[in-house]
Amino acid sequence: MKRVLITGSAGHIGRVLREGLKSRYPLIRLADIAAQAPAQAGEEIVKVDITDPAQLAHAMEGIDCVVHLAGIADEDTWERIHRMNIEGCYNVFEAARVAGVKRVIFASSNHAVGFHRRDRMIDDQVTPRPDSRYGVSKVFGEAVGRLYADKYGLSVACLRIGSFRPDDKPTAPRHLYTWISHRDTVQLVQRAIDHPDYHFVVAYGVSNNARNRWDNSNARLLGYRPQDDAERYASEIVSTGAQEDEREALFHGGFGCLVEFAGTVEEID
Ligand SMILES: NC(=O)c1ccc[n+]([C@@H]2O[C@H](COP(=O)([O-])OP(=O)(O)OC[C@H]3O[C@@H](n4cnc5c(N)ncnc54)[C@H](O)[C@@H]3O)[C@@H](O)[C@H]2O)c1
């Protein structure tokens with residue numbers, strides 16, 4: 001995996017990957033619709049809108065591995081989710097297939113399985129239980145990834161990222177379960193790029209948190225050995241008096257479950 005394309009490289013995670021993966025590969029092509037800092041050695045900057053297949057086709061030329069981050073990173077209107085995270089995501093996989101790219105690493109989310117109860121550990125085999133339109137789009141991305149692995153032989157990793165914080169610090173009670181540090185994020189993506197051989201894998205993007213509730217055996221198989229633990233910040237978080245809503249605390253997706261919530265908590269097993 002020598003030539004890597006990162007979509008959404010101007011975003012929070014993209015900028016951390018850009019820095020963390022610098023000089024590790026002969027080429028990192030950084031694709032975003034937004035402006036980016038000028039290219040350094042081993043980098044190329046391309047302005048790409050993932051809703052435009054022609055622009056994507058151009059961006060994929062000569063690429064071995066795509067790290068697909070671009071899109072809407074939170075709950076939003078169906079129109080925006082549909083355009084960026086459904087159509088845009090499909091366009092990325094399809095452009096990768098047509099260009100002969102070997103591997104796609106998809107930034108999925110814990111919100112794809114958010115309505116599973118937190119008192120149960122979950123692994124990569126649990127059924128999808130999206131907690132939002134955003135979560136639905138991540139289930140969709142994982143399904144497209146599965147299709148493109150099985151039908152077209154792409155190697156695909158779906159990383160269900162927990163809570164990546166721009167300031168690299170967990171600040172809310174839920175983060176004690178879900179946080180991933182910057183250096184662990186870089187390590188996980190690097191392992192997913194470098195691993196010599198996998199067909200399709202779902203792994204959780206989470207640090208080595210004492211309160212982790214996700215069975216991350218697959219990330220371990222990729223060689224991921226997280227270095228950080230949100231517990232280090234526990235007393236700081238407690239001292240702010242911040243408390244998780246008790247209904248949010250029932251579910252892996254936390255706050256994502258309660259946005260627009262009009263259901264009955266007891267009915268969600
Ligand atoms: N941050 C987290 O905790 C977290 C958790 C789970 C999953 N993720 C996923 O990881 C990815 C990156 O997250 P982030 O926090 O860096 O988000 P971000 O919003 O900071 O970055 C997203 C990037 O995508 C770009 N983008 C948006 N629409 C585009 C388009 N049409 N064409 C090209 N580029 C476009 C934006 O310009 C932006 O730079 C997202 O897919 C998000 O859903 C993030």
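In this predicted model, a backbone N or O atom of F164 lies 2.9 Å from an oxygen atom of the ligand. Taken alone, the ligand exposes 820 Å², and the protein buries 86% of that. Two further polar approaches are worth finding. A polar backbone atom of H12 is 2.9 Å from an oxygen atom of the ligand. K138 uses its side chain instead: a polar atom there lies 3.0 Å from a ligand oxygen.

Now step back to the whole shell. How many residues surround the ligand? The count is 26. The closest are I13, D32, L69, Y134 and F164. So F164 appears twice in this story: it is among the closest residues, and its backbone supplies a polar atom 2.9 Å from a ligand oxygen.

What kinds of residue make up the shell? By class, 15 are nonpolar, eight are polar and three are charged.

Next, the ligand's place in the fold. The ligand takes up the space of the largest pocket. Four elements give two or more residues to the shell around the ligand: α1 (12–20), β5 (103–109), α4 (133–152) and β7 (163–164). Which of them gives the largest share? It is β5, with three residues.

Look at the pocket itself. The largest pocket holds about 1,100 Å³ of space. It is lined by 44 residues, and H12, I13, A73, D74 and Y134 are the closest to its centre. Two of these names are familiar. I13 and Y134 are also among the residues closest to the ligand. H12 is familiar too, from its backbone atom 2.9 Å from a ligand oxygen.

The elements with two or more residues in this pocket lining are α1, β2 (27–32), α3, β5, α4 and β7. Here α1 gives the most, with four residues. The lining divides into 20 nonpolar, 15 polar and nine charged residues.

A second pocket comes next. The second largest pocket contains about 270 Å³ of space. Sixteen residues line it, and those closest to its centre are D124, E142, R160, F200 and V202. Two elements, α4 and β9 (200–205), each supply at least two lining residues. The largest share comes from α4, which gives four. So α4 serves both pockets: it gives two or more residues to the largest pocket and four to the second largest. By class, the lining of the second largest pocket has nine nonpolar, three polar and four charged residues.

Now turn to the enclosed spaces. The structure holds four cavities of 30 Å³ or more. The largest cavity has a volume of about 70 Å³. Its lining includes I13, V67, L69, I105, F106 and A107. L159, I161, I180, T185, L188 and V189 complete the list. The elements that give two or more residues to this lining are β5, β6 (155–161) and α6 (182–194).

Is this lining mostly nonpolar or polar? Eleven of its residues are nonpolar, one is polar and none is charged. Note I13 and L69 in the list. Both also belong to the residues closest to the ligand.

The second largest cavity has about 40 Å³ of space. H68, A70, N85, C89, F106, S137 and K138 line it. Two or more of the lining residues come from each of α3 (78–99) and α4. The classes here are three nonpolar, three polar and one charged.

Two residues link this cavity to other parts of the tour. F106 lines the second largest cavity, and F106 also lines the largest cavity. K138 lines the second largest cavity, while a polar atom of the K138 side chain lies 3.0 Å from a ligand oxygen.

Definitions and conventions
Residues are numbered from 1 along each chain as its sequence is written. This is a predicted model: local features need pLDDT of at least 70, side-chain atom pairs count only at pLDDT 80 or more; totals for chains, interfaces and linings use all residues. Side-chain values use heavy atoms; hydrogens and water are left out. A residue is near a molecule or strand if one of its heavy atoms lies within 4 Å of it. A polar contact is a pair of N or O atoms within 3.5 Å; within protein, one must be able to donate a hydrogen and the other to accept it, and residues adjacent in sequence count only if both atoms are side-chain atoms. Accessible areas come from the Shrake-Rupley method with a 1.4 Å probe; for residues, only the protein chains shown count as cover. On a 1 Å grid over the protein atoms alone, a cavity is a set of points where a 1.4 Å probe fits but cannot get out, and a pocket is an open set with protein on both sides within 12 Å along at least five of seven lines; lining residues have an atom within 4 Å of a point. A molecule sits in a cavity or pocket if more than half of its atoms lie within 2 Å of its grid points. Ala, Val, Leu, Ile, Met, Phe, Trp, Tyr, Cys and Pro count as nonpolar, Asp, Glu, Lys and Arg as charged, and the others, Gly among them, as polar. Grid points are joined across faces, edges and corners, and a volume is the space filled by probe spheres set on the points.
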